[in-house]
Amino acid sequence: MNDQRRYVVIGGGLAGLASAVWLAEAGRQVTLLERRGRLGGRTHALEVAQLHDVPDNGQHVIASGYDHLFRYLTSIGTREHVTFPHSGVLRWPGGRATTMGTKGFQALRSLLGAHPDASAADRARAALATVRMGWQCLNQPADLADLTTDQWFRRLGMPPTAREALWDWLALGIAAEPVRQESAKVFADVLATGIRLGVKHRRAVSIGYPTTDLDTLFVTGAQRLFERTGVQVRHRAVARRILVRDGAVTGVLLADGETVPADAVVCAVPNSTLGGLLDELPEHDEIYSAADKLGFTPIVSTNLYLDRPLGTEGAMEALIGGAGVIDQVFDRQRMHGRDTEHGWLYCLTTSGAYAQIHKPSHEVVDEQMALLRRYYPAAADAKVLHAQVVPMPRATFSQVVGTDGLRPAQRTSVPTLVLAGDWTRTDWSATMESAAQSAARAVELLLALPAPRTAAAR
């Protein structure tokens, strides 16, 4: 059957790219509308004009259980650009570092006693609390959605050493919210997904990273596929409203007054830019309300070029106690094999950056350098050659207590209109996998639609 429907995808972020790629792979006629002049959304490379260098808008890590993301990377031919080192480094003030394994016996050791000062009693308590945690992830208490992650850890009896060395910063990294306001259910849901995937694949979920820039990883391969399959990409196309008549999509109204004809639409925009698009959908008030209540979480990323190396021991290092200033340090020399012509490049990430997001760039850099000197003795006399601060006040949707159950499904009451994006309902929190999984579900719904009636059949 030759499906002549006109499919329109609104949004050129990861969810929109994946939707367009998979529709095109299925032989559909696709138009992708992107309001900006580039694709990639919140995952893209940034040029540092002064240095003629192209770092990223923020470092992203990738879990081995990201099945839908790997499907996307395989579709566009860039799967080989992700590696899994099976270890990371925890660093304390003064320079003390511990390697945390993420595979086999070393992973078990990390779960139970990654803190160098953990006593035998601490490890025993951590083991018991971890078992309780796993059980409660799969068999969730009725009140879990009413607890913060901090409250849940306390109730589980997780010792301070285990929390400091692993669980607090892991929870922060998963939901980009401090544990004192993050929803325990969000964290538990992600852990439950990881457990189920570990059982399915018969291996523990590991953490990896891209070995190339984000444009190469996510965008350029998609663009090549679009050229081969005839996907029309329209930049600077600002969608205002999805048009619906008699329970079916008819088109997309743009800001300049043009109507793009459409028989099916994937609305793949962040919750922060949804307003107005769904006005003709019967349940639009409910979806808009959910989008507003989910709110936003700020993240600050800094591309820091130094005149000397920090002395990192791993590609990824977590700064224990650095929350609010720097959560993680990524050594781009180790990750990308890059030269140091422009200096040593480190990508610094601050999740839940509520205080930092409003500071001017020079204050952010000064604050971060002061912290780096506390953690890395080699940074004592280091000079900043260049710094690029990337504040993202609406980096992702918020996952605090009270947000459970708000995320809408991909299916709507109009069969030819589906939603995608990390903020829609998936098995993950605000991750690239959530965006890719939402796209897979949205595309599956559209591809399952009955064949359009031909003129002869009518």
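**Strand pairing, helix packing and cavities**

In strand β7, Pro210 is the bridge partner of Val82. The structure described here is a predicted model. Val82 belongs to strand β4 (residues 82-83), which pairs with β7 in the antiparallel sense over two bridges. Strand β7 (residues 207-210) also pairs with strand β3 (residues 62-63). That pairing is antiparallel too, and it again runs over two bridges. Within it, Ile62 stands opposite Gly208 of β7.

A second set of strands builds an open sheet. Seven strands take part, in the order β6-β5-β14-β15-β16-β13-β17. Their pairing is mixed. The edges are held by β6 (97-101) and β17 (384-396). Each of these two has a single partner strand, so one side of each is left without a neighbour in the sheet. Neighbouring strands of the sheet are turned against each other by 25° on average, direction ignored. At the β17 edge, the partner is strand β13 (residues 297-306). The two strands pair in the antiparallel sense over nine bridges. Leu306 stands opposite Val384 of β17.

Helix α11 (residues 361-375) lies across this sheet. The strands it crosses are β5 (87-91), β13, β14 (316-319), β15 (328-331), β16 (344-351) and β17. Relative to β13, helix α11 runs at about 70°.

Helix-helix packing is illustrated by α4 and α7. The axes of helix α4 (residues 120-138) and helix α7 (residues 184-201) come within 8 Å. They cross at roughly 95°. The crossing angle therefore makes α4 roughly perpendicular to α7. From α4, the contact is made by Met133, Gly134, Cys137 and Leu138. From α7, the contributors are Ala188, Leu191, Ala192, Ile195 and Arg196. Seven residues of this contact are nonpolar, one is polar and one is charged.

Internal space was also examined. The model contains two cavities of 30 Å³ or more. The second largest cavity holds about 40 Å³ of space. Its lining consists of Trp169, Leu172, Gly173, Asp327, Gln328 and Ser351. Helix α6 (residues 160-175) supplies the largest share of this lining, with three residues. By class, the lining of the second largest cavity comprises two nonpolar, three polar and one charged residue.

Terms used. Residues are numbered from 1 along each chain as its sequence is written. This is a predicted model: local features need pLDDT of at least 70, side-chain atom pairs count only at pLDDT 80 or more; totals for chains, interfaces and linings use all residues. Side-chain values use heavy atoms; hydrogens and water are left out. On a 1 Å grid over the protein atoms alone, a cavity is a set of points where a 1.4 Å probe fits but cannot get out, and a pocket is an open set with protein on both sides within 12 Å along at least five of seven lines; lining residues have an atom within 4 Å of a point. Grid points are joined across faces, edges and corners, and a volume is the space filled by probe spheres set on the points. Helices (H or I, at least four residues) and strands (E, at least two) are DSSP runs, numbered from the N terminus. Ala, Val, Leu, Ile, Met, Phe, Trp, Tyr, Cys and Pro count as nonpolar, Asp, Glu, Lys and Arg as charged, and the others, Gly among them, as polar. Two strands pair if DSSP finds at least two bridges between them. Axes are lines fitted to C-alpha atoms, for helices over the stretch in contact, and angles run from 0 to 180 degrees between N-to-C directions. Angles under 35 degrees count as roughly parallel, over 145 as roughly antiparallel, 65 to 115 as roughly perpendicular and the rest as oblique. Contact means heavy atoms within 4.5 Å.
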